[in-house]
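Trainee: Hi, could we go through a new model together? I'd like to start with one strand pairing and then look at the cysteines.

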Amino acid sequence: MDFQKLCTFETFKQLCSHYGHGQSLQDVIESDFTRIKGITYLDHAGTTLYPESLVRDYCQDISRNVYGNPHSHNPSSRLTHETVERVRYRVLQHFCTSPEEYSVIFTSGCTAALKLVAESFPWRPQTDSQAGSHFCYLTDSHTSVVGMRGLTSTRGVVTLPVSPQEVQNRANKGQAPGDDVISQTPHLFCYPAQSNFSGRKYPLSHVKGIQDRRLYPACVHPGRWFVLLDAASHVSCSPLDLRDCPADFISISFYKIFGFPTGLGALLVRNHAASVLKKTYFGGGTAAAYLAGEDCYVPAANISDRFEDGTVSFLDIIALNHGFEALYRITGGMHSIQEHTFGLARYTYMLLSSLCHGNGRPMAQMYTEGQFESPSTQGAILNFNLMDSCGQIIGYSQVDRMASLYNIHVRTGCFCNTGACQSFLGITDQQMRKNLQAGHVCGDSIDLVDGQPTGSVRVSFGYMSTFEDCQKFLSFVVECFAEKEVTVDLSRLEQLKAASQQGFNQDPPIKVANGGICKVDQKEKPTKGSPLRECGHRGSDSNVEPYTLTNIYIYPIKSCGAFEVHEWPVGPLGLLYDRGWMVVNGNGVCLSQKRETLLCLIRPEIHLLSNKLLLQASGMDSIWVPLENNSQMHTSHQVCQSKVCGDRVHAVDCGDEASSWLSDFLGQPCRLIRQSPDFTRDVKKRPSGAATSPSLSLVNEAQYLMINRASVELIQKVMSSRQDYSEGHRLLDTQNVISRLRANLVIAGVEPFEEDNWSHLIIGNTGFVVS
């Protein structure tokens, strides 16, 4: 296979199964990124690009509303305050946490957030009677992290650079030390969730490992260890769940995520760690009280108010609201962005690292720890240097200049990460000093000193990046730097494909699809030769083979109509969005078809691409309701409680428009509520063989209801034999019975009610426990 055949979209789809966000990327470009036509922008790690709709919506917002200084109390100031507080909540929601766990301190950027921690942390100098604090950082850290030592060193704090290998290699293999009662000396360990140099993702489990003193250097230094997570690079294209990695401090920059506004970041502070931060300077708005004539100062009680000196950049903060709206509307969320961008980076890595000159020598020296096996270990960043046919490095400045002629935007140098640059390029401290003597400084164009590289080339992807961007970049490399006819190391390409296939395929959400083969395990040992047939065909019952999933139904609103789908994602509560909503009367009591038969005439539909729930019924105009994970759900919507099968459930009201629509159709006051995403409702009876009790949506007893067509056909025959055939009565056919039983999964079985003896069911690659 030659380069031209490899550099096609068909080959890309074979190597990478995830592309786009469920909609045409060309449509996204046409609607929101018309300004990048003709440009191949590959510097998203520097800053991603903002969608044009974000700026339009933001401009309309600030043009129509009067936003006053939030420190005043007039109506325009209250509007600003309430809007800013809502944005704080959305920031925390984006990182899967809440105001009960974390506080948001807005800063001028990630660097200012890091500096705030350095200035406020309770550093303790070493004395004869007590050990001093340690400031430890991973050597693969941004300049802004390493620069914290400039402040800590003046306070008698020990600075300890730690290589990535040391963290686990020098860890305490046994239990965590138990001497914290003796020493409460505060220490700080800082590391990046993702390297801005290579895109390597460091384990988020390091957070708890350091806090619990199981990992180096915490395991060898008694005291209380805090973790500062530099998340700026990570959160640009990847989700971050703070429930899994409860870092004490997290620094971020919003332009890395949205592209706009610039000059705005945040420090997320875990509330239990907030009390350790101490301020010296206090600006406007941070004091509860102070005296001008003597040294008397009382800080504001709220952590955000205490550390946001002066008036926050409230118009920029308001812009974040539109950033979240645009991001989720276009992409659906960070998981989608991660899969898309990783797929592009992985494909580019596989081809670029396999390209060879005509004499067989590789064209690129890649700087990566792994082989792009999985988005859980590698971000959408590719770092490399190009080489000539003699194996000599081509200076990055030459590559940058040539790329500019092709309107390809990349970044070159050391990327404000000297530690990673030295490690990957093999530059010693002595060589760094020699390069400085030769005139090389950060940001200049001196790319080679004595034939050795001083930096490299970095390409990075964003959610609006396309396959064509990869194609144009790879074609540029071949056209400008390949000597003789370019060749491809197919053996390496196959090795990379095999190595990364398993890790990459574990990340997509599970889906079940009708027409798939079903495998069953019986509660009693199955007889030899139990049938396992080929996939059947949807249609008449006679054409459906046994042990086949023939239909999938979800019921978005409890007791309302079914929504049939051909395939559907499986979530932690069952089929995604199944029984996620319910209708309650004016007193908050759940309505069912037993109480209100008209519910069966409401036909809800889930539209995943737009993140909306459609409500429709005969004689009514259809309306849309945002899905639970859609950023359009306002925090002002009322949090409420209701009961399902005796269980008290926490829910969120879906607003007045949905309430008015349902009230008009049902002829009584009612509301539409959805299960709160942070509420867990467990099955009362654990299924046999289940390790843990599964969590439920608003279903009655189990995550899924399955029925067997053979069983339904027998029921239908029995009902037909007993039914009055007089005029005015209609016989129930099999499909009618199925719809009345309101099952999620319809299986073509062999014998009626044989499913009563099944213990397990496998559909495709998804396993189910039968109870």
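**Strands and cysteines**

Trainee: What is the bridge partner of L291 in β10?

Mentor: L291 has C296 as its bridge partner in β10. Before going on: this is a predicted model, where local features need pLDDT of at least 70, side-chain atom pairs count only at pLDDT 80 or more, and totals for chains, interfaces and linings use all residues. Residues are numbered from 1 along each chain as its sequence is written, and side-chain values use heavy atoms, with hydrogens and water left out.

Trainee: Cool. How many bridges join β9 to β10?

Mentor: Four, between antiparallel strands β9 (residues 287–291) and β10 (residues 296–299). Strands are DSSP runs of E, at least two residues, numbered from the N terminus, and two of them pair if DSSP finds at least two bridges between them. A hairpin of four residues connects β9 to β10.

Trainee: Switching topic: which cysteines form a disulfide?

Mentor: C414 and C421, with sulfur atoms 2.2 Å apart; the cut-off for a disulfide is a pair of cysteine sulfur atoms within 2.5 Å. The structure holds one disulfide. Its S-S angle is -50°, making the link left-handed.

Trainee: Are C414 and C421 buried or exposed?

Mentor: Both are buried, meaning under 20% relative accessible area (1.4 Å probe, protein chains only).

Trainee: And why is C245 not bonded to the closest cysteine sulfur?

Mentor: Because the sulfur of C245 is 9.7 Å from that closest one, in C96, which is too far for a bond. C245 is also buried, at 0% relative accessible area.

Notes: Buried means under 20% relative accessible area, exposed over 50%, partly exposed in between (1.4 Å probe, protein chains only).
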